[in-house]
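Q: Please take a close look at one part of this model, a single helix and what surrounds it.

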Amino acid sequence: MKSSEQHFDRIILGIDPGTSIMGYGVIGAIGSKAYKIDMGLVKMNKISDPYIKLKEIFNRTTEMIDSYHPDELAIEAPFFGKNVQSMLKLGRAQGAAIAAALQRDMPIFEYAPRKIKMAITGQGSASKEQVAGILQNILNFKEMPEDFDATDALGAALCHFYQKNISGAKSYKGWGDFLTKNPNRKV
């Protein structure tokens, strides 16, 4: 479903920041239903200058905002690891995407990777493959992207959609009850 074919109540841009590959996912919401509009990758492997990479992240995020007109940005928070240099690079990439949203006065929502996985699969330790498979079922798309950064970004957008629709959320009496009420989340 293309955004030009449908009027959405709101549009959410999801970003999985990175300095080599940045994933993005765009969903549209109509009431309590979410639809995939687009997802993809911004590849920066061939750019050697780290500051030019940040400029590319900023510019491409701005282009997506201008193209899709999202109401909100959902971005994956950097995870805490042992490699300080990797965390620093990831934080800078996230900052460049956030700066683009701030420039367009867009609200920004940050989600930890475990929270995104929990929102999509019901398990904070789910694999990227599990998240992608469940997103494919929920949002009804056929082709998987070549890299899970795109589905991770789509997951951030859908996680935010679920958070904002929490008033209509169902209650569960355990894992079995969750699966019974959400059969499309099984992989």
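A: What follows describes helix H2, then the pocket it helps to line. This is a predicted model, in which local features need pLDDT of at least 70 and side-chain atom pairs count only at pLDDT 80 or more, while totals for chains, interfaces and linings use all residues. Residues are numbered from 1 along each chain as its sequence is written, and side-chain values use heavy atoms, with hydrogens and water left out.

Helices here are DSSP runs of H or I with at least four residues, and strands are runs of E with at least two, numbered from the N terminus. H2 has 20 residues and reaches 28 Å from its first C-alpha to its last, close to the 28 Å expected at 1.5 Å a residue (1.5 Å times one less than the number of residues).

Its buried residues (under 20% relative accessible area, 1.4 Å probe, protein chains only) are Leu90, Ala93, Gln94, Ala96, Ala97, Ala100 and Ala101. They lie on the same side of H2, because they cover an arc of only 145 degrees around the axis, taken from the directions from the helix axis to the C-beta atoms. The cover over these residues includes strand S1 (10–16), helix H1 (50–68), strand S4 (72–76) and strand S5 (108–111), where contact means heavy atoms within 4.5 Å. On the face turned away from the buried side, H2 carries Val84, Gln85 and Leu102, which are exposed (over 50%).
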